[in-house]
Amino acid sequence: MFVVGMTGLRLIFWTILLVLAILQNANSHGVQPLSRIGVHKATFALDNRAYVKASPDVLGLNGQNTEWVTVEYSSQNPSIDDWIGVFSPANFSASTCLAENPRVTPPLLCSAPIKYQYANYSSPDYKVTGKGSLKLLLINQRSDFSFALFSSGLLNPKLVALSNTVSFTNPNAPVYPRLAEGKEWNEMTVTWTSGYGIDEAEPFVQWGPKGEHRQHSPAVTLTFGRNSMCGAPARTVGWRDPGYIHTSFLKELWPNRVYTYKLGHRLFNSTYIWSREYQFKASPFPGQNSLQHVVIFGDMGKDEVDGSNEYNNFQRGSLNTTNQLIKDLNNIDIVFHIGDICYANGYLSQWDQFTAQIEPIASAVPYMLASGNHERDWPGTGSFYENMDSGGECGVLAETMFFVPAENRAKFWYSTDYGMFRFCIADTEHDWREGTEQYKFIERCLASVDRQKQPWLIFLAHRVLGYSSGISYAIEGSFAEPMARESLQKLWQKYKVDISIYGHVHNYERTCPIYENRCTDYEKHYYKGTPKGTIHVVAGGGGASLSTFTTLKTNWSLYRDYDYGFVKLTAFDHSNLLFEYKKSSDGKVYDTFRISRDYRDILACTVDSCPSTTLAS
């Protein structure tokens with residue numbers, strides 16, 4: 001009886017842990033706040049005595065693409081459940097509805113708001129007085145805006161009053177440039193969004209060395225329709241016209257030179273539409289010995305400066321991370337956001353808002369992406385994981401809104417060189433196992449680097465293919481994605497990958513140099529000589545709500561932090577690399593190590609890093 005009892009207790013214990021892990025995982029990934037709104041259940045309850053007024057009604061008079069709007073409102077029957085929805089386009093009536101199922105009558109309202117806030121958010125006595133006001137920040141998103149007062153909460157909303165229309169002076173203006181490395185080291189790409197199709201205007205970038213003659217480079221234009229989405233809500237209530245996404249390729253750049261640029265559209269009546277001026281520093285040539293700074297993080301998401309769209313306390317770290325990077329921008333050369341970009345989850349308006357949030361960073365330094373589950377995963381679309389995390393986007397938004405130097409952006413793996421660094425970026429939402437197309441790419445990327453010129457070899461991926469003490473992994477007993485290390489650890493060891501960095505688990509963790517689940521070096525902060533194993537880092541604390549650690553102790557986990565933060569790598573020269581983990585709250589360093597070595601140390605053999613030999617050979 002005693003043995004049976006202990007077995008039963010163990011079963012109960014592990015069941016409880018499993019349930020907690022599932023709940024924790026669900027909480028850490030949150031629920032897209034716009035999905036809480038029962039748009040399909042909305043009804044009209046218009047009250048002539050109620051009103052909503054927005055001012056100013058014309059935005060961007062001085063060329064700005066973000067502006068604060070004051071919304072004043074009144075209701076005869078106020079409640080703490082009343083809320084204000086921001087809609088764009090301003091007309092969100094049933095006439096614009098498309099049913100996912102032709103047998104289902106379209107709802108009265110069929111477009112989710114682009115943001116919302118409760119009526120008593122900044123007017124605590126609203127329930128008594130029936131009067132309130134909000135300050136909301138709008139960005140230029142290619143259409144006009146209206147503000148609606150709803151009663152009866154989010155699940156069964158009743159439209160009580162509708163505001164006047166608000167719009168930017170030029171809603172089609174080119175906005176939110178995103179730089180990225182091109183397919184050649186001396187090429188920079190500029191991607192931006194506008195409301196101008198190629199039948200209306202010719203897109204281009206005017207650019208040149210700072211203070212010198214400028215040239216024009218044409219841009220290619222992409223867009224997509226509702227049918228490009230793979231399911232709801234992306235093709236139903238979350239759909240919003242993405243406008244046009246333009247990419248220009250600035251070639252034959254001089255290394256480390258500063259260039260200025262402006263986005264332009266030449267209308268067919270010969271007038272020009274311009275953005276403001278930006279600048280960037282061109283990349284160093286591969287192997288160049290200069291000071292080089294790299295920032296890496298995953299799972300940042302977006303947040304609203306005005307406090308709207310609360311996301312399960314999900315994104316508070318997002319603005320902190322963004323603001324810290326902006327403060328330190330003079331000491332950042334390139335950024336890698338390794339998956340789970342903005343958590344739009346099928347509500348397309350959020351991608352515009354994310355590109356507006358990161359504009360100060362992405363317009364000045366290359367902003368490189370990796371594909372995450374919240375960008376790509378959808379059943380029946382070739383995802384390695386058959387879940388619904390992308391909200392029906394199935395990769396289309398990430399692959400179109402941002403440029404990456406992949407051979408095929410639908411297969412989101414690529415390599416890029418930055419001075420003394422070689423980065424191999426995997427796509428964990430596609431199969432990476434031995435024998436696959438991606439596995440062959442990873443080996444080519446690792447094998448082809450000249451370590452005498454580019455000594456710092458970094459592997460990046462969204463899901464943890466290495467090591468993590470996240471509780472959900474611990475329950476599985478794998479401390480990583482199932483099948484994660486089985487194929488890849490031989491490549492990391494053979495080609496002496498210095499550091500592998502992942503997101504997906506929303507915390508920070510660093511391992512010892514490790515191979516086949518064993519530490520190959522027990523030093524914690526200073527590594528010299530021949531690299532004996534790869535250091536694995538989880539840097540998934542960019543902004544999304546945090547993931548807890550298991551209480552199990554592992555000998556390979558050197559540092560854990562349940563907080564928001566990001567990683568910074570600084571290459572001083574071919575022999576010295578500094579790793580820093582910084583918290584988003586204050587920008588201070590909380591974990592660090594250095595690597596020092598010569599080229600001959602990389603050539604030297606260690607366990608499984610050189611071909612095996614026999615006496616005959």
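Which residue in S31 is the bridge partner of Thr570? In this predicted model, the partner of Thr570 is Leu578. The two strands involved are S30, residues 565–571, and S31, residues 576–583. They run antiparallel and are joined by 7 bridges. Together S30 and S31 form a hairpin, with 4 residues between them.

S30 also pairs with a second strand. Strand S18, residues 292–297, is joined to S30 by 5 bridges, and this pairing is antiparallel too. Here Val295 stands opposite Lys568 of S30. In general, the strands of a sheet pair through backbone hydrogen bonds, either parallel or antiparallel.

S30 is mostly covered, with 7 of its 7 residues buried. Both of its faces are covered. On one side lie Gly565, Val567, Leu569 and Ala571. On the other lie Phe566, Lys568 and Thr570. Thus Lys568, which faces Val295 across the pairing, is among the buried residues.

A UniProt annotation, from an unreviewed entry, places "domain: Purple acid phosphatase C-terminal" at residues 533–592. Over residues 533–592 the chain is 0% helix and 50% strand. The end C-alpha atoms of this stretch are 18 Å apart.

Helix H3, residues 316–327, packs against several of these elements. Its buried residues are Gly317, Ser318, Leu319, Thr321, Thr322, Gln324 and Leu325. They pack against S18, S30 and S31, and also against helix H4 (349–357) and helix H5 (359–362). The length of H3 was checked as well. At 1.5 Å a residue, its 12 residues should span 16 Å; the end C-alpha atoms are 18 Å apart, which agrees.

The nonpolar cores come next. In soluble globular proteins, nonpolar side chains tend to be buried together. The largest nonpolar core here has 68 residues. Phe336, Tyr367, Ile501 and Leu569 touch the most other members. Leu569 also belongs to one covered face of S30. The contacts of Tyr367, leaving aside neighbours within four places in sequence, reach into several parts of the chain. They include Leu179, Ala180, Phe297, Met300 and Val335. His337, Phe354, Ile358, Ile361, Ala362 and Phe402 are also in contact with Tyr367. Apart from the largest core lies another, of 27 residues. Among its members are Trp413, Ile442, Leu446 and Val497.

Helix H10, residues 484–494, is mostly covered: 8 of its 11 residues are buried. These are Ala484, Arg485, Ser487, Leu488, Gln489, Leu491, Trp492 and Gln493. The elements that cover them include helix H8 (437–447) and four strands. The strands are S23 (456–461), S24 (499–502), S25 (508–515) and S28 (534–539). Just after H10, Lys496 takes a positive phi of about 55 degrees.

A further sheet involves strands with lower residue numbers. It is open and has 3 strands, in the order S2-S4-S7, with antiparallel pairing. Strand S2 (51–55) and strand S7 (131–139) stand at the edges. Each has a single partner strand, so one side of each is left without a neighbour in the sheet. The twist averages 20 degrees from one strand to the next. S2 is joined by 5 bridges to strand S4, residues 66–74. Within this pairing, Val52 has Tyr73 of S4 as its bridge partner.

Definitions and conventions:
Residues numbered from 1 in each chain as written. Predicted model: local features only at pLDDT ≥ 70, side-chain atom pairs only at ≥ 80, totals over all residues. Heavy atoms only, no water. UniProt positions renumbered as here; feature names shortened; annotations may be inferred. Pairing = 2+ DSSP bridges. Axes fitted to C-alpha atoms, helices over the stretch in contact; angles between N-to-C directions. Buried < 20%, exposed > 50% of the residue type's maximum accessible area, 1.4 Å probe, protein only. Contact = heavy atoms within 4.5 Å. Core = buried A, V, L, I, M, F, W, Y, C linked by side-chain atoms within 4.5 Å. Expected span 1.5 Å × (residues − 1).
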